[in-house]
Amino acid sequence: MFFWKRRPKPVPQRSGESLARHMYARLATEVRDVQRVTAAHCEAIQRTGLSMEGTTSIEDCIYLYLLIRYFDRKNVFEIGTFIGTTAVAMNQAIKRNGGTCTTTDPKDYGFVPPDSGIRMIEGPAELGLGILHREGRTIDFAFGDWYFKQPTIDLAAKAFTPDCVIAVHDYFPDDKGEENVVKLSETYCQRRTGAWLLPTGAPWRMPDGMTVNACTAVFIPDTLKITEESVRAGGGRP
Ligand SMILES: C[S@@+](CC[C@H](N)C(=O)[O-])C[C@H]1O[C@@H](n2cnc3c(N)ncnc32)[C@H](O)[C@@H]1O
């Protein structure tokens with residue numbers, strides 16, 4: 001007897017540039033602040049002699065900030081803390097929204113500012129997400145700066161809200177971002193329909209010269225009703 005494994009439905013992909021411009025137009029006045037705080041965090045770490053290699057660019061940090069603010073996210077979950085640059089940037093947004101930011105890494109590098117309110121869970125992503133799930137918390141914004149492995153994806157189906165926005169870093173050919181997009185498209189996104197907004201042509205220069213996004217791809221679920229047409233019409237988020 002032959003069994004054919006059902007082929008996963010393709011998940012639509014388009015550029016995230018229109019949405020980024022739309023978000024920036026609404027939130028530009030806040031961006032200098034997050035840029036300043038994130039840069040100060042990195043400079044303080046650099047003074048300890050640690051290299052910035054492996055940390056995330058300011059353009060990506062600004063993009064994450066805009067997404068969290070624009071979609072009014074309340075519970076952020078991060079895979080891959082490292083020196084905490086993205087955690088600090090996302091936390092700036094979540095503080096304004098009145099939410100929480102949790103970040104996970106098997107190694108605590110010790111650079112998450114203790115007074116920031118950021119919760120750092122030392123351990124792999126599935127450990128951190130499992131703890132949050134057992135505490136009854138749900139996640140409405142996830143950022144992967146490491147691989148979404150199957151145990152995390154299995155937990156995400158339970159712990160992520162239906163309108164959870166998922167961002168993945170390093171969307172380059174054969175890099176972890178592309179791998180995450182493929183893996184999540186074949187698994188998580190089969191149940192939660194939506195579209196991937198890719199960093200096509202990024203960084204995107206805004207009218208005031210600020211550059212937004214470098215290599216972050218974002219999954220926007222259909223429940224958020226963000227279409228290219230709604231963004232072009234200036235409606236964006238309902
Ligand atoms: C590219 S770095 C993250 C950079 C960070 N976003 C920043 O802005 O500094 C990737 C991190 O993922 C961490 N990592 C490795 N395996 C992991 C896992 N299973 N769960 C969570 N993080 C993991 C690594 O230790 C590393 O610190």
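Helix axes that meet at angles under 35 degrees count as roughly parallel, over 145 as roughly antiparallel, 65 to 115 as roughly perpendicular, and the rest as oblique. The views below come from a predicted model.

**View 1. Helices H1 and H2 pack against each other at about 125°.** Helix H1 covers residues 17-46 and helix H2 covers residues 58-70, with their axes 8 Å apart. H1 and H2 are therefore oblique to each other. Their crossing is right-handed. On the H1 side, the residues in contact include Ala20, Met23, Leu27, Val31 and Val34. On the H2 side, Ile58, Ile62, Tyr65 and Leu66 are among them. By class, this contact of H1 with H2 has 14 nonpolar, two polar and three charged residues.

**View 2. Helices H4 and H5 pack at an angle of about 20°.** Helix H4 runs over residues 125-134 and helix H5 over residues 150-159, and their axes are 9 Å apart. That angle makes H4 roughly parallel to H5. H4 passes H5 in a left-handed crossing. From H4, Ala125, Glu126, Leu129, Gly130, Leu132 and His133 meet Pro151, Thr152, Leu155, Lys158 and Ala159 of H5. The contact of H4 with H5 has six nonpolar, three polar and two charged residues.

**View 3. The ligand has 18 residues around it.** Thr55, Gly80, Phe82, Thr85 and Pro124 come nearest to the ligand. Helix H3 (85-97) and strand S3 (100-105) are the elements that give two or more residues to this shell. The shell around the ligand divides into seven nonpolar, eight polar and three charged residues.

Key: Residues numbered from 1 in each chain as written. Predicted model: local features only at pLDDT ≥ 70, side-chain atom pairs only at ≥ 80, totals over all residues. Near = placed C-beta within 6 Å. Helix = DSSP H or I, 4+ residues; strand = E, 2+ residues; numbered from the N terminus. Nonpolar A, V, L, I, M, F, W, Y, C, P; charged D, E, K, R; others polar. Axes fitted to C-alpha atoms, helices over the stretch in contact; angles between N-to-C directions. Left-handed = near helix turned anticlockwise from the far one by under 90°. Contact = placed C-beta atoms within 7 Å.
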